[in-house]
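Here are a few short exercises to help you find your way around a new structure. Try each task yourself before reading the solution.

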Amino acid sequence: MNVPRGTVELTGVGKRYGRKHALADVDLTFDHGVTGLLGPNGAGKTTLLRIVATSIAADSGQVRLLGRDPHGSQADVTAVRRELGYLPQELGYPSDMTAFGFVEYVAVLKEWNDRERRVREVRRVLSLVDLTDQATVRVGRLSGGQRRRVGLAQALLGDPRLIVLDEPTAGLDPAQRADLRRTLSTLGHRSTVLLSTHQTEDVAALCERVVVLAGGTVRFDGAATDLVATAVGRVWLADEPGDDALVSWRTGTGRHHVVGGTPPTGADPAEPTLEDAYLLMLGPDAQRLRAPA
Amino acid sequence: MSTTPFVTDAALVAAVADKDAGALRELYERHGAWLHARLIRRCNDPEVVVEVVQDTFVALWKDARRFRHDGEVGAWLWGIAFRRMVSRLRSRKDVVLIPDWDVPAAPQQVLPSAEDLVLLGVEYGDLAAALRRLSPEFRSVVQAVVLDGLTTKEAGRLLGVRENTVKTRLHRAKAQLRTALTEPQEGWR
Amino acid sequence: MTTGTQGWHADPALLASYLAGDLDAVTGASVEQHVSRCEACRAAVGHLLEPQLVERTWAGIRDAIERPPLPVPIRLARRLGLPESTAVLLAAAASLRGAWLVGAFLSLSFATLAAYLSGGTALAPFLLVAPLAPVLGVATAYGPRQDPLEALVATAAYGRTRLILLRTIAVLVSVLPVTALLGLALPGPRWLAAAWLGPALALVPVLLALAGFVGPRAAATVVLLGWSSVVVASTRAGLDPAWPVEAAQQGAYLALAVAACAVIAVRLGIDRRRGVAL
């Protein structure tokens, strides 16, 4: 099979923990560009990313990464891992290491054996995440956002073709998110970038493509603009909350933002946002998610 | 760490104590060059000078907490740098230069303008003339202790004489200078 | 201070001849005193210095601060030919430094015991502790029960198994010689000094095999209890003090070690298909 570079192919992939299906029969293909996985907690985002990062194997279905079987021969596994950058959801940072020391340690694990090239590469990725001046600070003394960026830096080592980021924006402030967006958009030209988040703003800002996961299945897969389009005609601004609305909340102007259901009397159609579309996509699950603003 | 708004040297040293590499870079940009220039006048091996400057800033990195905030960062750095050079060169007298006070060093010597001399003179007054009249061994002691800030013990090591000799020469040199000048200058002990 | 010079700055030609060493000592010293207190003139000196030289010097400073010196034992190993990248891996393992401490501490404790040993039944403490020292060191080399970098180590090309084996070897290399030397101080037949190595080396693969199922902590506990009961039981039964390390028993340890290695090999195969290593 002739597989283009930078491709992730999942066919009928399933994973269960005990009797609970974390993923069920997922078919997805990713090519280069930035894709956001959106979904509530427990939707299967982390499970999917861990499978793509070769951290765990699927129970059923077929996984092909960069044209190889990630759990086949040792050669295949290693070949895939050489082209992989992974930021796990929970990454412990040994607090007595410096940011530089940490990234260098990971670089050695990624087989950057030549000292000079390794040091140069470590500096490069640290400057990509704007941590050049903090490179020598012990990780234990960095802020949460800076630590997250250290984690991101190691995922960028060697410009991998497959970059898997589990909640990269957790703990970042708006300015740092903007920086991350810039970094990712340049990476997306060459690499396949998969990231998870439960914040729709991230997806709107960072991703060309969105996959909405819920209950271990794919609810939507397409361009971010197409996701927004699914909500056209189902969002209103009204003086009262809708009786059968999926969710509604009072906005800053005092009117109610009503998503789904029938329009209350005197409602004006509103321009849907990605969040509206996401909530509608999740259906009844959404009520738990949207706390009144 | 950017230069605007202006950050004082002492604040940069405090940041270095918190392992901020950017602050160290800024201090290096402010002080590296003149330390380099001042050391190269005292050592004719450029490699040694590069290493001493490096050692100085690495020492600053490690010991930034020891900086007492009532002093000047520049003077503190010079103290570290020159002491390191002296101890490094203890066994290599050939590369230590003790400035020659008698002869202008180069044929195409640039003479400071009259104004420059006057303004530079503010630092030393008539001292220049008085210094020139000192005998060479007295001058080298004045150079090492008064101008370069070594202790008499360190100066003794640098000059290859006993500490007591340094003390005696320094004492006599000061006395001669006092006689030459009508009154003691600021900065003299 | 030098209020008179506030408005004055050395002109570039003067500074250039200062740098070139062309000023006589007194003028030079005057320029020096001025420059050391005048920010603008310090900057001017900076512009006169070769940029290459400035950068080269800085590169050395940056190297030194980014990469603090390696711990002494690792520097020693570097001199004996340990690759630089491997040294980085070992130096980064804070747990390993802990392991060395544990190893050293245990070695010392049984050295003290050994010194007081007067032959006869007092051999038991040494036989109890000596084989366990490397095992506990290796267990510590795993790091905490859940390595904070677990997810990264598991998906890096280097491989988790390789990393654990590397740390295991490092622990053995650092603990065994000390223990062996202390063994020489034992009373009784000379072969005793080496005999404890049998169980010591056999227990390491047993630990690694068990750790694959129950994690390093529990595995270490099992090995510790197991070995202790062998030694204690033999003493209680009134057997020869050297019984735990006699030839027949050594054969049993060897068999155990082979079995453990087989378990490790089988598990590695299965785990790779499942996506986790060791």
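Helices here are DSSP runs of H or I with at least four residues, and strands are runs of E with at least two. Keep in mind that this is a predicted model.

**Exercise 1.** Work out how many helices and strands chain C has.

Solution. Start by counting: chain C holds 14 helices and zero strands. Next, read along the sequence, and you get α-α-α-α-α-α-α-α-α-α-α-α-α-α. Then look at packing: of the 278 residues in chain C, 41% are buried. Finally, take the chain C contacts with a separation of 6 or more: 73% of them link residues 24 or more positions apart.

**Exercise 2.** Find the strand order of the open three-stranded sheet in chain A, and say why β2 and β4 each have one side without a neighbour.

Solution. First, the order is β2-β1-β4, with antiparallel pairing. Second, β2 (20-30) and β4 (60-65) of chain A sit at the edges with a single partner strand each, so one side of each has no neighbour in the sheet. From one strand to the next, the twist averages 25°. Now zoom in on β1 (residues 8-17) of chain A: seven bridges tie it to the antiparallel β2(A). A:Tyr17 has A:Lys20 of β2(A) opposite.

**Exercise 3.** Split chain A into its assigned domains.

Solution. The assignment gives domain 1 (1-83 + 161-220), domain 2 (91-159) and domain 3 (230-288). Over C-alpha atoms, the centres of domains 2 and 3 of chain A are 44 Å apart. Separately, an unreviewed UniProt entry lists residues 8-240 of chain A as "domain: ABC transporter". That span is 36% helix and 28% strand, and its end C-alpha atoms are 46 Å apart.

Definitions and conventions
Residues are numbered from 1 along each chain as its sequence is written. Chains are lettered from A and ligands numbered from 1 in the order in which they are written. This is a predicted model: local features need pLDDT of at least 70, side-chain atom pairs count only at pLDDT 80 or more; totals for chains, interfaces and linings use all residues. UniProt positions are given in the numbering used here, feature names are shortened, and annotations may be inferred rather than shown by experiment. Domain bounds come from an automatic or database domain assignment. Two strands pair if DSSP finds at least two bridges between them. Axes are lines fitted to C-alpha atoms, for helices over the stretch in contact, and angles run from 0 to 180 degrees between N-to-C directions. A residue is buried if 20 or more other C-beta atoms lie within 10 Å of its own, exposed if 12 or fewer, and partly exposed in between; C-beta atoms are placed from the backbone. Two residues are in contact if their C-beta atoms, placed from the backbone, lie within 7 Å.
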